[in-house]
Every structure is written in structure tokens, then in C-alpha cells.
Amino acid sequence: QAPGQRGADHGAAAACFGIPAQTALHAVLMSGGVRGQSVLVAGGAGAVGHYAIQFARLHGARQVLTTVSNEAKANHARAAGADVCIDYKRDNVVERVRELTGGQGVDRVIEVDMASNAALNAELLKADALCVVYGSSSGAMTLPFFPYIAKNLRVHFFIEYNLNPADRERVLAAMTAAQGVLQHSVALRLPLQRIADAHEAVESGRMIGNVVIDLEA
């Protein structure tokens with residue numbers, strides 16, 4: 001059982017590995033990785049964000065920042081290895097990031113909601129930096145063209161299901177190497193018959209950790 005597994009057995013941990021952990025790891029490894037970089041993980045208490053913090057730390061990030069919405073989620077993200085948690089409901093995220101990076105901005109943002117944060121990310125990223133996008137609250141979004149082009153910013157969208165063979169092989173190898181050192185957070189386990197309740201729990205935003213469905217033999 002891995003440290004910090006919070007009561008999750010190996011089966012529940014394996015369920016978390018399938019999509020959230022692989023998504024987080026690819027976001028950290030792509031485009032040369034994060035070694036020596038300052039990284040901002042959007043939503044660091046979420047299923048992917050929690051792993052992204054850990055993988056950024058494991059793969060040599062110099063500084064790992066994250067955004068959260070309350071103190072309980074901040075504690076969860078700090079336990080995963082975040083250097084600083086920024087409460088986006090109370091703090092000015094741009095000012096805090098500039099303060100923490102000496103006015104330069106971060107090298108990489110790992111983004112869960114591009115539709116909401118596209119304009120914000122243009123201010124958080126330093127010149128020639130990368131925004132890695134794996135999620136969005138809306139199928140349509142607007143990118144502020146001039147802020148992005150003025151900084152030579154790069155935006156890379158991906159979905160874990162469609163990784164090319166080389167990227168998937170790299171992710172799986174790194175996942176194997178990380179066995180035994182990751183925290184796996186399972187907030188709720190429900191039987192298949194209560195899958196609707198599981199979806200409602202996720203949509204509520206109150207869960208800190210993954211929601212796992214137990215399948216009957």
C-alpha cells in the first residue's frame with residue numbers, strides 16, 4: 001500500500017491510475033518535461049491535479065504552485081507536495097503568481113478548465129511558456145490573441161485516450177517507476193447500482209479525491 005493512500009485498497013488505487021494519473025503524468029512529461037521549471041497546476045485538489053502536483057515534484061520541478069477553492073483543498077494539495085496554494089476565490093491569482101515568481105510568471109500551466117481560464121493564463125505564463133490543456137467546462141472558448149502572441153505562448157491540448165504509441169509507452173514506463181511513492185486519494189466508493197449518486201457527488205464539487213465505483217464479480 002502506497003504512502004498516503006487514505007484507506008484505498010490496491011484495486012481502488014488502480015482505478016485512479018487509469019485516467020487521472022496518466023493524464024497528469026503526460027501533462028508533466030510532454031515538451032521536454034518540467035525539470036527546473038516553475039509549474040502552476042490549476043485545481044490541485046482535483047483527481048488529475050492531485051497527481052500532477054506529485055508528478056511535477058517527482059520529475060524535478062523547481063516550484064509547484066496550485067489553485068484551490070478552500071482551505072481543506074489547500075491542505076490536500078500541500079500534502080501532495082505543492083509549495084504554495086492560491087485560493088482563487090479570495091486571492092488575486094495573477095498578483096500572487098507574479099510575487100512568487102519574481103514578476104516573471106510560470107514556465108508551465110497544467111489546465112483543467114481552459115474556457116474559464118484562457119485569459120488568466122495569458123497573464124500567469126512567462127514569455128515562451130507552455131499551457132497544457134486537458135479539460136474545459138465548455139466546448140467553445142475564446143483565446144485572447146494578442147496577449148498570447150505577444151509572449152510567444154504555446155498551447156497544447158490533449159486527451160489521454162488518444163496518446164500516440166510513443167507517448168503512451170513513456171507514460172506507462174514512468175508510471176511503473178513511480179509505484180509505491182504516490183498518494184492515492186479516494187473520497188467515496190459506491191456500488192455500480194449507485195452510479196447516479198457517484199456522478200452527483202462529483203458534480204457537487206464537495207469531494208476531495210476520486211469517486212470509485214465497485215463492480216460486482
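**A parallel sheet and its surrounding helices**

In this predicted model, six strands form an open sheet with parallel pairing, arranged in the order β3-β2-β1-β4-β5-β6. The edges are taken by β3 (84-87) and β6 (154-157), each of which pairs on one side only. Direction ignored, neighbouring strands of the sheet are turned against each other by 20° on average. Helix α3 (residues 71-80) packs on this sheet, where α3 touches β2 (63-68) and β3. The direction of α3 makes about 160° with that of β2.

A look at individual strands fills in the picture. Strand β1 covers residues 38-41, and its parallel pairing with β2 runs over four bridges. Within this pairing, L40 has L65 of β2 as its bridge partner. In a regular strand, side chains alternate between the two faces of the sheet. In β1, S38 and L40 point one way while V39 and V41 point the other way, and all of them are buried. Towards the other edge, strand β5 (residues 125-133) pairs with β6, again in the parallel sense and over four bridges. Here V132 stands opposite H156 of β6.

Helix α7 offers a clear example of two-sided character. The helix comprises 13 residues (165-177) and reaches 18 Å from its first C-alpha to its last, close to the 18 Å expected at 1.5 Å a residue. Its buried residues are D167, V171, A174 and M175. These cover an arc of only 105° around the axis and therefore lie on the same side of α7. The cover over these buried residues includes α1 (10-29) and α2 (47-58). On the other side of α7, the exposed residues are P165, A166, E169, T176 and A177. At the start of the helix, a side-chain oxygen of N164 comes to within 3.1 Å of the backbone nitrogen of A166.

Two backbone angles deserve a friendly pointer for anyone checking the geometry. Most residues other than glycine have a negative phi. D128, although not a glycine, has a positive phi of about 65°; this residue is found in strand β5. D128 is partly exposed, with a relative accessible area of 48%. N152 likewise has a positive phi, near 55°, and is a residue other than glycine. N152 lies in the loop between α6 (145-150) and β6, and is partly exposed with a relative accessible area of 49%.

Conventions. Residues are numbered from 1 along each chain as its sequence is written. This is a predicted model: local features need pLDDT of at least 70, side-chain atom pairs count only at pLDDT 80 or more; totals for chains, interfaces and linings use all residues. Side-chain values use heavy atoms; hydrogens and water are left out. The expected span of a helix is 1.5 Å times one less than its number of residues. Buried means under 20% relative accessible area, exposed over 50%, partly exposed in between (1.4 Å probe, protein chains only). The arc is that of the directions from the helix axis to the C-beta atoms. Contact means heavy atoms within 4.5 Å. A polar contact is a pair of N or O atoms within 3.5 Å; within protein, one must be able to donate a hydrogen and the other to accept it, and residues adjacent in sequence count only if both atoms are side-chain atoms. Two strands pair if DSSP finds at least two bridges between them. Axes are lines fitted to C-alpha atoms, for helices over the stretch in contact, and angles run from 0 to 180 degrees between N-to-C directions.
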